2 protein chains.
Amino acid sequence: MRGQVTIKDVAERAGVSISTVSRVLNGKSKDHMRPETEERVLQAIKELDYSPNRYARVLKRQRTGVIGVLAPDISNPFFSQLLRGVENVAYRHDYLVLTCDAENSLEKENRYIEILIEERVDGVIYISSASQNEEVERFLRKGVHLVMADRRLENIEAPMVVANDLKAGYILTEHLLELGYREIGFIQGPMDLSTARDRFQGFLQAIGKRGLEVRKEHIKEADYTFEGGYRAAQEMLNGKLPQAIIAANDLMAIGAIRALEDNGFSVPQDIGIAGFDNIPLAALAKPRLTTVAIPAYKMGQEAMEMLLKNINANAGENRQREVKVLEVELIKGISADVQSSKVHQSMV
Amino acid sequence: MRGQVTIKDVAERAGVSISTVSRVLNGKSKDHMRPETEERVLQAIKELDYSPNRYARVLKRQRTGVIGVLAPDISNPFFSQLLRGVENVAYRHDYLVLTCDAENSLEKENRYIEILIEERVDGVIYISSASQNEEVERFLRKGVHLVMADRRLENIEAPMVVANDLKAGYILTEHLLELGYREIGFIQGPMDLSTARDRFQGFLQAIGKRGLEVRKEHIKEADYTFEGGYRAAQEMLNGKLPQAIIAANDLMAIGAIRALEDNGFSVPQDIGIAGFDNIPLAALAKPRLTTVAIPAYKMGQEAMEMLLKNINANAGENRQREVKVLEVELIKGISADVQSSKVHQSMV
DNA sequence: TTGTAGGCGTTATCAA
DNA sequence: TTGATAACGCCTACAA
């Protein structure tokens with residue numbers, strides 16, 4: 001950054017004042033400027049390979065053109081998809097995206113909140129790592145626009161984009177029930193997260209509607225990671241296995257498959273497994289995983305669009321807290337057909 | 001950003017001058033400052049929830065504390081791993097990482113180069129999307145520190161961290177040969193990339209050492225993506241299949257597996273498949289993929305450390321262009337054992 | 001149509 | 001031990 005070319009160098013080279021250069025830079029030359037003057041400036045800019053200093057510019061303009069995404073775990077394909085959705089919209093609107101991976105740590109999340117505030121971001125898309133974090137409200141106090149994505153937090157006054165997780169849990173369970181499964185286990189996500197709670201609630205509703213029950217030892221709580229799913233399934237192996245297991249996301253479902261296979265069971269012949277998210281990995285799993293597609297990419301796009309709307313909205317205009325619920329879709333794995341016959345047999 | 005709290009507000013509240021506040025902020029209070037003064041300032045900062053404006057700070061300090069990573073495809077797990085390695089080191093040294101996903105597009109790469117220059121990054125870790133890009137040299141002309149990672153570019157005068165891809169290609173091929181495979185096909189990566197060239201060269205060397213040959217129709221070039229691997233394998237299906245196929249990365253290997261299975265072949269019973277990278281997905285594939293581990297995370301760490309060394313080095317000190325070559329490791333899939341017998345049978 | 005000058009929030013030099 | 005003040009590079013009234 002030392003010895004950088006400034007607007008002053010350009011002005012000298014072009015033989016004009018710095019204001020003239022600035023006007024060319026900001027496209028305010030159209031109306032009142034001699035074409036030859038503009039030409040000289042453009043020429044000087046090219047010769048010196050000048051590019052404006054964003055820091056000086058932001059300081060003056062009082063607007064950074066940066067938005068932050070605070071996510072709990074970028075290595076989870078679901079969130080990287082969501083992120084791509086955000087970037088797609090941001091790129092088109094000339095916003096820079098600052099990605100912050102909290103790695104499921106509250107401490108890191110807080111450090112990033114501080115960084116985003118120092119960065120003076122124009123807005124933040126927040127995917128919470130935990131049930132609550134008081135620090136997040138600093139954004140609101142500072143007037144930073146905030147949009148929540150994927151995970152609902154009731155106590156924070158911000159608009160949000162979420163999926164219909166309750167329905168997701170319901171239709172997936174209903175699907176398995178239709179296939180003939182009666183004893184279904186569930187690997188929960190962290191129950192302080194709305195997605196985990198809703199998916200489980202949907203599960204319970206579908207089960208309850210048929211007057212069925214679930215054994216306590218067939219319900220485990222894990223942390224949405226591959227390893228967590230692996231461990232939860234392994235714990236279930238201690239007792240009598242259910243006929244099928246629903247994991248609250250695909251990563252855990254795949255972990256569960258691994259655990260079961262490592263213990264000599266084959267999926268889906270011996271036991272059925274299903275998940276949520278429909279991450280790309282789910283399509284690769286063999287056999288194809290039964291799952292509920294949560295539109296991550298779209299969620300990212302919608303969240304960014306909602307954020308833009310808020311940023312550009314008239315501050316005076318009193319809006320109500322907008323909530324957008326995205327629809328979900330059942331993805332039937334080929335496992336299903338194979339299983340149904342198997343299960344029916346074992347039930348005879 | 002409007003109505004933000006500034007150092008001036010803090011000074012007024014604490015009843016001191018802005019210079020005093022600045023000193024507290026920068027930890028220069030240790031030596032010569034009354035503890036009670038410092039205390040008053042700290043108190044005011046807390047009461048006002050003040051946080052320094054990074055833009056003003058950078059403008060003054062002439063140093064951003066930001067480094068850029070320019071990568072060809074973040075959705076490839078290999079690069080997201082590498083990125084995590086970079087972030088790990090950056091975080092510890094209080095650097096912010098600006099991630100730029102060129103999505104294998106030269107146009108996007110160039111747009112990001114411009115953005116990184118405007119951002120006045122202190123350094124850039126560059127993973128090239130193509131064989132050459134003149135624009136990259138702008139970094140050097142601007143005095144931005146540059147480190148290349150993963151992919152060698154001979155014509156750019158910058159230090160680099162790469163893997164021993166030649167050896168990787170060699171030991172993987174040697175392994176398959178030891179298992180008894182004789183007709184081995186190869187799905188190349190983009191041959192303008194050093195990794196693709198080296199891995200293929202290593203393959204040829206191992207083949208040549210045994211006096212064997214490879215049929216032309218058993219060599220295809222693809223683009224390092226899942227879909228590319230799928231298509232390349234499908235093309236091979238038109239002729240006589242080899243006994244095994246090596247794909248220049250895991251993503252393509254998994255694509256190839258998919259293609260073969262979609263066409264009624266089973267892996268590894270009918271044909272062996274191997275790849276490079278050892279991405280997390282490789283461990284999940286069933287059966288476990290034979291691959292060569294390229295230490296992506298470590299590569300990211302090393303690249304960032306090399307960058308830091310360059311940034312902090314005395315500018316006058318004339319260094320030579322450092323090149324670090326990371327070692328690779330063969331990962332034997334369970335496929336191997338199964339295959340060897342099968343293949344021997346078919347060779348009788 | 002172009003130029004002058006003040007100020008954005010901070011740091012750092014010099015004086016007190 | 002503290003305070004006043006001049007930059008840092010850019011934008012934008014206001015003047016010319």
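In this predicted model, B:Pro268 sits in the loop that runs between α11 (250-262) and β9 (272-277) of chain B. The peptide bond leading into this proline, from B:Val267 to B:Pro268, is cis, with omega near 5 degrees. Chain A has a cis bond too: A:Val267 and A:Pro268 are joined by one, and omega there is about 5 degrees. A:Pro268 is placed in the loop between α11 (250-262) and β9 (272-277) of chain A. As a bit of background, most peptide bonds are trans, and most residues other than glycine have a negative phi.

Phi offers some spots to look at as well. A:Asp150, which is not a glycine, has a positive phi near 70 degrees. It is found in the loop between β4 (145-149) and β5 (160-163) of chain A. Is A:Asp150 buried or exposed? A:Asp150 counts as buried, because 27 other C-beta atoms lie within 10 Å, and the cut-off for burial is 20 or more. Over in chain B, B:Asn104 is another residue other than glycine with a positive phi, this one near 60 degrees. Its place is the loop between β2 (96-101) and α6 (106-118) of chain B. With 17 other C-beta atoms within 10 Å, B:Asn104 is partly exposed. There is a glycine to mention here too: B:Gly27, just after α2(B), takes a positive phi of about 65 degrees.

That brings the story to α2(B) itself. Four of its residues, B:Thr20, B:Val21, B:Arg23 and B:Val24, are buried. Looking down the axis of α2(B), these buried residues fall within an arc of 160 degrees, so they line one face of the helix. The general background is that an α-helix has 3.6 residues a turn, so residues three or four places apart point the same way. What do the buried residues of α2(B) pack against? Their partners are α1 (7-14) and α3 (35-48) of chain B.

Stepping back to a whole chain, chain A holds 14 helices and twelve strands. Its C-alpha trace spans about 95 × 40 × 35 Å along the principal axes. The radius of gyration of chain A is 26 Å, whereas a compact globule of 348 residues would have one near 20 Å. Buried residues account for 48% of the 348 residues in chain A. Taking the contacts in chain A between residues at least 6 apart in sequence, 71% join residues at least 24 apart.

How do the two protein chains relate to each other? In general terms, two copies of a chain are related by a rotation about an axis and a shift along it. Here, a turn of 180 degrees with a shift of 0.0 Å along the axis lays chain A on chain B with an RMSD of 0.1 Å. The two copies are thus related as by a two-fold rotation axis. Which residue of chain A comes closest to the rotation axis? That is A:Tyr55, whose C-alpha is at 2.5 Å. Both copies use the same surface, with 93% of the contact residues of chain A recurring in chain B.

The contact itself draws 30 residues from chain A and 30 residues from chain B. On the side of chain A that touches chain B, two or more residues are given by each of α4, α6 (106-118), α7 (137-141) and α12 (280-284) of chain A. The largest share there, five residues, comes from α4(A). Sorted by class, this side of chain A has eleven nonpolar, eight polar and eleven charged residues.

Finally, the DNA. Around DNA strand C there are 26 residues, of which A:Ser17, A:His32, A:Thr37, B:Ile7 and B:Ala56 come nearest. α2 and α4 of chain A, along with α2 and α4 of chain B, each give two or more residues to the surface near this strand. Here α4(B) makes the largest contribution to the surface near DNA strand C, with five residues. That surface is made up of ten nonpolar, eleven polar and five charged residues.

DNA strand D is surrounded by 27 residues, and the closest are A:Ile7, A:Ala56, B:Ser19, B:His32 and B:Thr37. At least two residues of the surface near DNA strand D come from each of α2 (18-25) and α4 (54-61) of chain A and α2 (18-25) and α4 (54-61) of chain B. By class, the residues near DNA strand D divide into ten nonpolar, eleven polar and six charged.

Key: Residues are numbered from 1 along each chain as its sequence is written. Chains are lettered from A and ligands numbered from 1 in the order in which they are written. This is a predicted model: local features need pLDDT of at least 70, side-chain atom pairs count only at pLDDT 80 or more; totals for chains, interfaces and linings use all residues. A residue is near a molecule or strand if its C-beta atom, placed from the backbone, lies within 6 Å of it. Ala, Val, Leu, Ile, Met, Phe, Trp, Tyr, Cys and Pro count as nonpolar, Asp, Glu, Lys and Arg as charged, and the others, Gly among them, as polar. Copies are superposed by least squares on the C-alpha atoms of residues with pLDDT of at least 70 in both. Two residues are in contact if their C-beta atoms, placed from the backbone, lie within 7 Å. The radius of gyration is taken over C-alpha atoms; the globule rule is 2.2 Å times the number of residues to the power 0.38. A residue is buried if 20 or more other C-beta atoms lie within 10 Å of its own, exposed if 12 or fewer, and partly exposed in between; C-beta atoms are placed from the backbone. The arc is that of the directions from the helix axis to the C-beta atoms.
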